[in-house]
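Me: I am new to this structure. Please take one part and look at it closely, in short steps.

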Amino acid sequence: MNVIRAIQMYIDKMISDAGPGMKLLMMDRETISIVSMAFAQSEMLQKEVFLFERLDSVRSNEKLKYLKCIVFVRPTKDNIFLLQQELQSPKFGSYYIYFSNIIPRTDIKILAESDEGESVQDFKEIYADYLPVNPNLFSLHIPTCLQALNWNPEALERSTQGLVSVLLSFKFRPAIRYRSGSTAAQTLAKKVHETINKETALFSFRPPEDGAAPPLLLILDRRDDPITPLLNQWTYQAMVHELLTINKQRVDLSGVTGVPKDLKEVVLSTEQDEFYANNLYANFGEIATTIKVLMDQFQKKANDQRKIESIADMKNFVETYPQFRKMSGTVTKHLVLISELSVQVGQQQLFEVSELEQEIACRADHSTQLQRVKRLVSEGKISTANALRLVLLYAMRYERHANCDTSGLLKLLQDRAGRPYIAPRMLEYISTVARQELFNTVKITDAVKLTRNLIKELKGVENVYAQHECVLKGTLEEIIKGRPLDAQYPIMGNEVPFRRPPAEVIVFIVGGATYEEALAVHRYNQEGHRIVLGGTTIHNSESFIEEVLAATVGVPFKHSRSLQQFHHAPAGTA
């Protein structure tokens with residue numbers, strides 16, 4: 001189960017079906033991203049794809065009859081209209097049309113009628129309608145999906161299409177489960193289930209043999225775990241996304257001082273960058289050590305006796321030896337990234353901030369934590385963004401505590417020109433399930449869970465910056481061990497629940513997944529399990545807060561009446 005391979009196989013098939021000769025690839029805004037996240041441009045050139053065009057861009061009327069045109073677009077009304085126009089006055093010698101998802105028959109008829117010159121040589125559906133982020137992670141790139149805590153209709157349709165595409169690309173007809181109590185998860189589960197039943201011919205895959213359980217599609221809700229996206233991260237990919245933002249595999253470094261011109265924007269792809277693929281889940285300290293080992297090896301070759309003891313030393317070394325940069329190409333890119341991460345960690349005092357975040361997320365100690373949050377917020381040494389996150393974590397954990405002082409913390413945040421109005425919105429965003437289970441504020445009746453929590457506390461934690469475990473980790477453990485799921489995760493439709501654990505699991509999080517959750521999935525896959533994670537988007541703390549704001553517009557303030565003075569943002573802000 002590898003989403004990058006699945007997309008690559010479709011694109012390879014598309015290109016090989018067009019046969020030898022010079023080819024142009026025509027795409028839309030979304031399929032450009034899908035292709036670029038699967039292949040580098042140089043790889044496409046090797047496949048005789050020499051030109052790339054957008055279907056919706058203004059193009060010259062010059063006829064290029066010697067070129068084969070491969071069209072790869074989403075089956076939207078706009079794309080059908082633009083293709084209709086293209087086929088009525090064809091520029092290219094032949095067309096090979098591929099839609100990234102199921103296309104209605106009426107649209108096929110419209111295009112067939114437009115192709116009077118019979119220039120279309122091939123016409124197919126391929127199920128590559130999602131962004132492959134990591135081998136085990138996909139995104140639909142929907143930044144905000146809810147409005148007034150219900151589905152935005154366009155986001156619901158796009159999520160349904162994306163999930164159907166993932167299922168078809170793996171040839172799965174799954175059992176579908178959703179988080180009990182989540183209307184958003186249930187609605188999406190229902191839409192996917194209806195599509196599978198409507199498209200029975202497409203989903204007529206051979207059922208699992210020997211009474212094995214079918215693959216599982218599990219639909220979860222971000223509102224049940226609002227903690228994970230707010231925490232600082234210490235593994236490489238997650239840290240880059242939190243501090244620098246990864247947007248469709250690209251990181252913008254143009255605002256970083258001293259960055260070489262050719263590294264103003266860098267690409268982070270597990271397919272095109274071996275160092276990145278090997279260190280995706282490595283922690284911050286391990287990566288710097290790995291780069292230093294490579295430098296030590298070069299130093300021996302160059303007979304350089306200097307001591308390299310810090311990230312700054314590494315940067316100076318690279319500047320002294322341009323040939324190291326040439327030889328190690330991608331390593332230099334990662335040194336620039338690590339160097340900037342190191343600067344941010346120091347400037348933002350992230351060790352102290354992260355330790356307190358983890359403490360609040362993982363254990364109750366109200367008076368001590370309140371004093372520490374007060375000190376960090378009021379001193380002004382940490383950024384207002386980090387101060388806000390600490391206040392949000394405190395507000396959620398101690399919402400029902402007798403001495404809860406969220407109001408006092410928000411006043412301090414307001415004094416620093418922070419955004420206190422986000423806290424009431426967050427308290428409206430989190431679900432009933434999160435309130436009951438996230439901080440164990442209700443009595444745990446499940447003896448197994450209680451024992452596990454006690455064992456975890458007795459064992460202690462080696463790394464204070466990685467104490468937190470995302471909710472997804474516990475959910476996957478329940479599935480893998482074949483524990484009963486019906487109460488928390490009802491099955492969609494009339495299917496009889498299987499008691500044996502499924503061999504393949506696709507998890508989809510409405511409201512966005514995180515790289516911390518992708519790490520949890522990766523660790524299970526290393527043990528031999530087959531799990532893929534997807535989300536409406538991939539969040540860092542900043543994008544998650546924007547999602548919360550968008551989702552709670554127009555929602556009445558039920559859970560945050562005591563914070564009335566902070567209910568509304570100042571004029572001109574979200």
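Reply: Leu24 stands opposite Leu51 in strand 2. This is a predicted model: local features need pLDDT of at least 70, side-chain atom pairs count only at pLDDT 80 or more, and totals for chains, interfaces and linings use all residues. Residues are numbered from 1 along each chain as its sequence is written, and side-chain values use heavy atoms, without hydrogens and water.

Strand 1 (residues 23-27) runs parallel to strand 2, and five bridges join them. Strands are DSSP runs of E, at least two residues, and helices are runs of H or I, at least four, numbered from the N terminus. Two strands pair if DSSP finds at least two bridges between them. The open sheet has five strands in the order 2-1-3-4-5, with parallel pairing. Strand 2 (49-54) and strand 5 (120-125) are its edges, each pairing on one side only.

Now the second largest pocket (on a 1 Å grid over the protein atoms alone, an open set of points where a 1.4 Å probe fits, with protein on both sides within 12 Å along at least five of seven lines). Its lining has 32 residues; Arg29, Glu30, Arg74, Thr76 and Arg158 lie nearest the centre. A lining residue has an atom within 4 Å of a point. Helix 2 (29-38), helix 4 (77-88) and helix 6 (153-169) each supply at least two lining residues. Helix 6 gives the most, five.

Why does this pocket lie between two domains? Domain 1 (3-127) and domain 2 (133-225 + 470-539) both give residues to its lining, so it lies between them. The domain bounds come from an automatic or database assignment.
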